[in-house]
Amino acid sequence: MYKVFVKEIPIILSTEKKIGKQYTSIPLKEVKFKKLIAEINNGELLYVNIYHKNAEKLELFLRKKLPVVEAGGGMVYNSKKEILFIRRNSKWDLPKGKVEKGETHEEAAIRETIEETGVQNLEVRRFLQKTYHVFQRNDKFKLKITYWYEMYSDYTGPLIPEASEGIKKVKWKNFEKSQKALQDSYENIKLLFPKEYLLPHPNDRIS
């Protein structure tokens, strides 16, 4: 199953026709994706399930429907089990950025994390997952697919926000502070965290 976020509202892509009474289920072959995005942006749709029995065809469908921007990102822990957050666009986020020509997703995740936060000595522990969200640039919709990696760093030096990327703060956050930050973050970022980090939120739309 995939969750593709449009304005924090997920379009579900699954192999199941029925995933909940509140969902409008549409077979993959009948989907008009840009029309769906417009309806979500206009507040006409909140719960959408696009389904096909072949899971591999779901991501292929996404890649055909919109231009794709691929990115790499890091969920970085330190020796105190704190997590590295950035503050950008008035939201708490994790460091990430576009994959450059000739880079792997993992290399992009490391480079972007260093550039955006100033942290050093990064060690990639494992691949976490991909997240998907639709954004608009120059009046055109695009799909960002971010490849996320769990990382570790023993770095204890100063953290340096990358001002040219609009980053205002970089902070190590413990469990309690991470919970609070996630109340003021993005839905696709929340997917990376274990359930115990996620407090109930009054605006949650995901069933």
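**Exercise 1. Asn78 and its surroundings**

Task: In this predicted model, find the place of Asn78 in the chain, decide whether Asn78 is buried or exposed, and list what its side chain reaches.

Solution.

Step 1. Start with the strands on either side. Asn78 sits in the loop between strand 5 (68–77) and strand 6 (83–88).

Step 2. Now turn to accessibility. The relative accessibility of Asn78 is 10%, and the cut-off for buried is under 20%. Asn78 therefore counts as buried.

Step 3. Look at the polar partners of the side chain. The side chain of Asn78 reaches the backbone nitrogen of Lys80 at 2.9 Å. The Asn78 side chain also makes a polar contact with the side chain of Glu82, at 2.8 Å.

Step 4. Finally, set aside the neighbours within four places in sequence. Asn78 is then in contact with Tyr152, Ser153 and Trp172.

**Exercise 2. Two residues with a positive phi**

Task: Where do Lys7 and Asn138 lie, and what is the phi of Lys7 and of Asn138?

Solution.

Step 1. Recall the background: most residues other than glycine have a negative phi.

Step 2. Take Lys7. This residue is not a glycine, yet its phi is positive, about 50 degrees. Lys7 is placed in the loop between strand 1 and strand 2 (9–14). With a relative accessibility of 57%, Lys7 counts as exposed.

Step 3. Take Asn138. Here phi is positive too, at about 55 degrees, although Asn138 is not a glycine. Asn138 belongs to the loop between strand 9 (122–137) and strand 10 (140–153). Its relative accessible area is 70%, so Asn138 is exposed.

**Exercise 3. Where two domains touch**

Task: Describe the contact between domain 1 and domain 2: how many residues does each domain bring, and which parts of domain 1 supply them?

Solution.

Step 1. Set the bounds. The domain assignment of the protein chain gives domain 1 as 2–65 and domain 2 as 68–200. Their C-alpha centres lie 25 Å apart.

Step 2. Count the residues in the contact. Domain 1 brings 12 residues and domain 2 brings 15 residues.

Step 3. Turn to area. The two domains bury about 1200 Å² between them, with 64% of it on carbon and sulfur atoms. On the side of domain 1, Phe5, Glu8 and Arg63 lose the most area to domain 2, together 48% of what that side buries.

Step 4. Look for polar links. Across the interface of domain 1 and domain 2, 7 residue pairs are in polar contact.

Step 5. Ask which elements are involved. Strand 1 (2–6), helix 1 (33–41) and helix 2 (55–65) each supply at least two residues of the side of domain 1 that touches domain 2. Strand 1 gives the most to that side, with 5 residues.

Step 6. Sort that side by class. The side of domain 1 that touches domain 2 has 7 nonpolar, 1 polar and 4 charged residues.

**Exercise 4. Following the salt bridges**

Task: How many salt bridges does the structure hold, and how many of them are counted between domain 1 and domain 2? Then examine some individual pairs.

Solution.

Step 1. Begin with the idea behind the search: side chains of opposite charge can pair when their charged atoms come close.

Step 2. Give the counts. The structure holds 13 salt bridges, and the count between domain 1 and domain 2 is 2.

Step 3. Examine Arg63 and Glu70. Their side chains meet in a salt bridge at 2.8 Å, N to O. Arg63 is partly exposed, with a relative accessible area of 30%, and Glu70, at 22% relative accessibility, is partly exposed as well.

Step 4. Move to Lys96 and Asp93. The N to O distance in this salt bridge is 2.6 Å. Both Lys96 and Asp93 are buried.

Step 5. Now try Glu150 and Arg126, whose side chains meet in a salt bridge at 3.0 Å, N to O. The pair links distant parts of the chain, with Glu150 in strand 10 and Arg126 in strand 9, 24 residues apart. Glu150 is buried, at a relative accessible area of 16%, whereas Arg126, at 47% relative accessibility, counts as partly exposed.

Step 6. End with a network. Salt bridges that share partners join Glu100, Glu103, Arg111, Glu112 and Glu115 together.

Definitions and conventions:
Residues are numbered from 1 along each chain as its sequence is written. This is a predicted model: local features need pLDDT of at least 70, side-chain atom pairs count only at pLDDT 80 or more; totals for chains, interfaces and linings use all residues. Side-chain values use heavy atoms; hydrogens and water are left out. Domain bounds come from an automatic or database domain assignment. Contact means heavy atoms within 4.5 Å. Buried area is the accessible area (1.4 Å probe) that two parts lose on being put together, summed over both. A salt bridge is a side-chain nitrogen of Lys or Arg within 4 Å of a carboxyl oxygen of Asp or Glu. A polar contact is a pair of N or O atoms within 3.5 Å; within protein, one must be able to donate a hydrogen and the other to accept it, and residues adjacent in sequence count only if both atoms are side-chain atoms. Helices (H or I, at least four residues) and strands (E, at least two) are DSSP runs, numbered from the N terminus. Ala, Val, Leu, Ile, Met, Phe, Trp, Tyr, Cys and Pro count as nonpolar, Asp, Glu, Lys and Arg as charged, and the others, Gly among them, as polar. Buried means under 20% relative accessible area, exposed over 50%, partly exposed in between (1.4 Å probe, protein chains only).
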